[in-house]
Structures are given as structure tokens and as C-alpha cells.
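I opened this notebook to record what I looked up in a structure that was new to me. The entries follow the order in which I worked.

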Amino acid sequence: MTLAIQVCGYVFGIPLQLLAIGAILRGHYRRYPLVFLYVIADFLTTVVEIPSNIAYYAGNPHALDSYVSYYWLDESIMQAFVYAIVLSLIYQATAALPSRRMLRIVLSGGAILFTGASFLIHHGAHARVGIWMTLWARDLDFCAAVLDLVLWALLLSSKGRDYRLLMLSGALGIQFAGDAIGAALRSIGSLAASPTPGTSNHAFLDAGSAATVLSYLAYMYILWQAFRASPTLSPQPAKVPDTR
């Protein structure tokens, strides 16, 4: 079941990544360079992971170690990108606020402290890399979702709404929520008791993978649509006909 979910993720996800890259290249990369780099890095890390993943499911057990190493390295890189993107979007959204400096310090400092505290808690409690990294990634996704919620509130309260930025914020929120739910389900599956010692509860693992893949596909589709749209996303005032 997990293989089918991953194959669906590759089949639908890679074309969406390429479509998003093409849409951003229309000129939006100048305003959103971190988003552009994130999508490119996402595409490259996906391509790197595919051979070892397919080799493992094809019957090569040694490929699992390679895949796990690539996966968690890529996950760390992408998490750093995610934090940088959300904070950069918050920086744009707070440009006109008088208290923007204090708000930026509180949000960025709080995110860094939360990341460090979560790492120390989970790294010391679990020896297996897959377990503590899954729990840590879940916490980071939760923190990113909170930051994205703050960004959403700032955008909604602003006078001149940037609809492309709203779409990006909404897309990120969907991905963060899906990742957090998926990581929580996978951690339950890894720790759940099963008839054979050392095995996992595959129902939770499959549900976690499905939640992650579906939220990612939704995120990438909205991202593509946001940059595919015309540069002017703000509603234009209706023209009043001249009756004179």
C-alpha cells in the first residue's frame, strides 16, 4: 500500500513541480526567490530519492539504508527552506506595520527556540533516527503552521490584500497541517504494539503517508495556480459607463 501511495506521489507530484517551476520563471522568482529555490530543491531531492526507493521495493534490502539517509537529509534541508520562506513572507506582510521590528524578532526568535528545544527533547529520548526525526519533523511542521497562521491573519487585516500572497499562505498551511498529521500517524505506527516484535502498525503508516502525499499535492497545485495567474491578482474597480 505504501508503495502505491509513493508512486502516486511521484506520478502527480513531479509534473506539478515542473509546472510550478515554469510558472515562477515567468518573472515571479524576482519577488519570491526563496519559493523558487524551494521548488527547485524539492524537485531535485525527489529525483535523488527515487532510485533507492524503487530499488528497495524491487527486492534490494540494502537500498533502504541509502533511502533513509537521503530522505532525512533532504527533510532537514526542506525544513530549513520552509522556515525561511514563511519568515520572509511575514517580513513582506509586516513592511507597513509600525511594530514590525519587534514582531519579526519575537516570531523568528520563538521559532528558533522551539526548534532547538524540540530537537533536544526528541533526540535524547529515542535512539532510532527514524523515530526522533519523525517526531522532530512533526513539531517543526506544527511551528511552521502557527507562523503561517500569523501570516494569514496579517494578510487578512491589511488594507491592500495581495491575493497571490494569500494563496501562498493558504497552500503552505495545507502542507504544514498534512505533514504534521502524517508525521503523528507515522510515529504512532512506529511505536504501536504489533503481533511481531519490532514491526510497525502498517495502517497508521499508510494513513500517515497518504495524508502527507495528498496535502503536498494540494499545496503544489495551489502554488502552480498562484503563479500561473496573471501578475495582477487584485480585483479591479468596475468601469462606470459614461451616460452623458
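The entries below go from the whole chain to single residues.

**Entry 1: the model and its overall fold.** I noted at the outset that this is a predicted model. I looked up the secondary structure and found seven helices and zero strands. Read along the sequence, the pattern is α-α-α-α-α-α-α.

**Entry 2: burial and surface.** I asked what share of the residues counts as buried. For the 244 residues of the chain, the value is 41%. I then looked up the accessible surface, which comes to about 13,400 Å². Carbon and sulfur atoms account for 70% of that surface. For contacts between residues at least 6 apart in sequence, I recorded that 71% join residues at least 24 apart.

**Entry 3: the nonpolar core.** I turned to the largest nonpolar core, which holds 49 residues. Which of its residues touch the most other members? They are Val35, Tyr38, Val39, Tyr219, Leu223 and Phe227. I also checked where the core residues come from: helix 1, helix 2, helix 3, helix 4 (100-125), helix 5 (129-157), helix 6 (163-191) and helix 7 (202-228) each supply at least two.

I followed Val39 further, leaving aside its neighbours within four places in sequence. Val39 is in contact with Gln17, Ala20, Ile21 and Ile24, and also with Leu223. Leu223 is itself among the core residues that touch the most other members.

**Entry 4: a nonpolar patch on the surface.** I next looked for nonpolar residues at the surface and recorded a patch of about 710 Å². Its members are Leu3, Val7, Val11, Phe12, Ile54, Tyr56, Tyr57, Leu64 and Val68. Helix 1 (2-24), helix 2 (33-57) and helix 3 (63-93) are the elements that give two or more residues to the patch. Helix 1 provides the largest share, with four residues.

I took Val7 as one member to examine, and I located Val7 in helix 1. Is Val7 buried, partly exposed or exposed? Val7 counts as partly exposed because its relative accessibility is 35%.

**Entry 5: cysteines.** I looked up how many disulfides there are, and the count comes to zero. I checked the accessibility of two cysteines as well. Cys8 has a relative accessible area of 39% and is therefore partly exposed, whereas Cys143, at 9%, is buried.

**Entry 6: Glu49.** I placed Glu49 in helix 2. Its relative accessible area is 11%, so Glu49 counts as buried. What does Glu49 touch, not counting residues up to four places away in sequence? The list is Tyr67, Tyr70, Tyr71 and Asp74. I also looked up the spacing of Glu49 and Val68: they are 19 residues apart in sequence, and their C-alpha atoms are 8.9 Å apart in space. Val68 had already appeared in my notes as a member of the nonpolar surface patch.

**Entry 7: Leu185.** I found Leu185 in helix 6. At 22% relative accessibility, Leu185 counts as partly exposed, since buried means under 20%. Leaving aside neighbours within four places in sequence, Leu185 is in contact with Phe204, Ala207 and Gly208. I closed the entry with a distance: the C-alpha atoms of Leu185 and Leu205 are separated by 6.4 Å, and the two residues are 20 apart along the chain.

Technical notes
Residues are numbered from 1 along each chain as its sequence is written. This is a predicted model: local features need pLDDT of at least 70, side-chain atom pairs count only at pLDDT 80 or more; totals for chains, interfaces and linings use all residues. Side-chain values use heavy atoms; hydrogens and water are left out. Patches are made of residues with over 30% relative accessible area and no salt bridge: like charges are joined within 9 Å, nonpolar side chains (Val, Leu, Ile, Met, Phe, Trp, Tyr) within 5 Å. Accessible areas come from the Shrake-Rupley method with a 1.4 Å probe; for residues, only the protein chains shown count as cover. A salt bridge is a side-chain nitrogen of Lys or Arg within 4 Å of a carboxyl oxygen of Asp or Glu. Buried means under 20% relative accessible area, exposed over 50%, partly exposed in between (1.4 Å probe, protein chains only). A disulfide is a pair of cysteine sulfur atoms within 2.5 Å. A nonpolar core is a set of buried Ala, Val, Leu, Ile, Met, Phe, Trp, Tyr and Cys residues joined through side-chain atoms within 4.5 Å. Contact means heavy atoms within 4.5 Å.
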